[in-house]
Amino acid sequence: MRLLREGALTVHGRLTDASNAALYCTVGAADGRRAQAVYKPVAGERPLWDFPDGTLAGREVAAYELSAATGWDLVPPTVLRDGPHGPGMVQLWVEPDPDAAPLLALQDPSGPEDGWLPIVRAEVGDGRTALLVHPDDPRLRRLAVLDAVLNNADRKGGHLIPAADGRLYGIDHGVTFNTEGKLRTLLWGWAGQPLPAEAAAVLAGLAGQLDGELGERLAPHLTAAELDAARSRVAALLAAGTHPLPSEDWPSIPWPPI
């Protein structure tokens, strides 16, 4: 974290698939320590109709802070700092494992194979359909719980990064923490199912932390109303005891999904 906050940022290029400016960098310290990172300057954020201008970088930091508070560490270390193009979010780069098992698949529409859970039926051309599925993976299930708390409006398949050490990371959390329900994700396989005991315990811990030090760490990046909404989402998940269902008033699947 200190390296991310204080190291010298050297920009090497732009990640052209990103909707906002996302720059691939190295961050280096005087003692020779170096790491790869992603730098998203506030100046490169495109205006959105449903999020205040210039707030996406702060929301990425808030998502990291909340993830760290769960103990699951599903979001790579992230800081808000100045850089070559002004203030922005700097996040540790996680290299995807090319040999990792797939996290999404298209299967026969008659039903998911063993070990997989359904997301949605997809058109695959020529009038044919297939079932889009994800594995019944406890790492993904943790991320589904985290996204419900974050109110993540954009959990695409490309935002899931399996690392070589077996860990799973979620990235791109700029459109989170809205006061209105905007959960849009591919991780619907557990919708309506009871929350695991581990998740319920983590949520209970978050409830207390949001009223204390965690809430204080989030406050510079969110409005008071957004912070209250996060508390309400945690309370609602605990009261229901189940994974949320897709909204009938908001598209439940991000586009494009990958």
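The second largest pocket in this structure has a volume of about 270 Å³. A pocket here is an open set of points on a 1 Å grid over the protein atoms alone, with protein on both sides within 12 Å along at least five of seven lines, and its lining residues have an atom within 4 Å of a point. Grid points are joined across faces, edges and corners, and a volume is the space filled by probe spheres set on the points. This is a predicted model, so local features need pLDDT of at least 70 and side-chain atom pairs count only at pLDDT 80 or more, while totals for chains, interfaces and linings use all residues. Residues are numbered from 1 along each chain as its sequence is written, and side-chain values use heavy atoms, with hydrogens and water left out.

Back to that second pocket. Its lining takes in 18 residues, with Ala148, Asn151, Leu183, Arg233 and Pro244 nearest the centre. Helix H6 (224-240) supplies the largest share of this lining, four residues. Helices (H or I, at least four residues) and strands (E, at least two) are DSSP runs, numbered from the N terminus. Sorted by class, the lining of the second largest pocket has ten nonpolar, five polar and three charged residues. In this sorting, Ala, Val, Leu, Ile, Met, Phe, Trp, Tyr, Cys and Pro count as nonpolar, Asp, Glu, Lys and Arg as charged, and the others, Gly among them, as polar.

The largest pocket holds about 1,100 Å³ of space. As many as 45 residues line it, and Ala18, Ser19, Asp154, His159 and Asp172 sit nearest its centre. Strand S3 (34-41), H2 and strand S5 (88-92) each give at least two residues to this lining. Its make-up is 26 nonpolar, nine polar and ten charged residues.

Then there is enclosed space. A cavity is a set of points where a 1.4 Å probe fits but cannot get out, and the count comes to one cavity of 30 Å³ or more. The largest cavity has a volume of about 70 Å³. Among the residues lining this cavity are Ala144, Asp147, Trp188, Trp190 and His243. Ala148, Leu183 and Pro244 line the cavity too, and these three also turn up nearest the centre of the second largest pocket. The cavity lining splits into eight nonpolar, two polar and one charged residues.

What about the packed interior? A nonpolar core is a set of buried Ala, Val, Leu, Ile, Met, Phe, Trp, Tyr and Cys residues joined through side-chain atoms within 4.5 Å. Buried means under 20% relative accessible area, exposed over 50%, and partly exposed in between (1.4 Å probe, protein chains only). The largest core has 36 residues, and Leu66, Phe177, Leu203 and Leu218 touch the most other members. Two or more residues come from each of helix H2 (56-70), helix H3 (138-150), helix H4 (197-210), helix H5 (213-218) and helix H6. H3 gives the most, with eight residues. Leu218 touches Ala62, Glu65, Leu66, Leu210 and Leu227, leaving aside residues up to four places away in sequence; contact means heavy atoms within 4.5 Å. A second, separate core of eleven residues includes Leu3, Val27, Ala35 and Ala37.

Two residues of helix H2 add some detail. Ser67 lies in this helix and is buried, with a relative accessible area of 1%. Beyond four places in sequence, Ser67 touches Trp72, Asp73, Leu74, Val75 and Leu146. The C-alpha atoms of Ser67 and Leu143 are 9.2 Å apart, with their positions 76 residues apart along the chain. Thr70, also in H2, is buried at 10% and touches Leu146, Val202 and Leu206, again not counting residues up to four places away.

Most residues other than glycine have a negative phi. Phe177 is not a glycine, yet its phi is positive, about 65 degrees. It is found in the loop between strand S10 (168-170) and H4 and counts as buried because its relative accessibility is 0%. Asp73 also has a positive phi, about 50 degrees, in the loop between H2 and strand S4 (78-81). At 33% relative accessibility, Asp73 counts as partly exposed.

Finally, the search of the whole structure finds one aromatic pair. Tyr24 and Trp93 meet edge-to-face, at 4.9 Å centre to centre with 75 degrees between the planes. Rings of Phe, Tyr and Trp (its six-membered ring) pair if their centres lie within 6.5 Å; planes under 30 degrees apart count as stacked, over 60 as edge-to-face and the rest as tilted. Tyr24 lies in strand S2 (residues 23-28) and Trp93 in the loop between S5 and strand S6 (105-107), so the pair ties together parts that are 69 residues apart in sequence.
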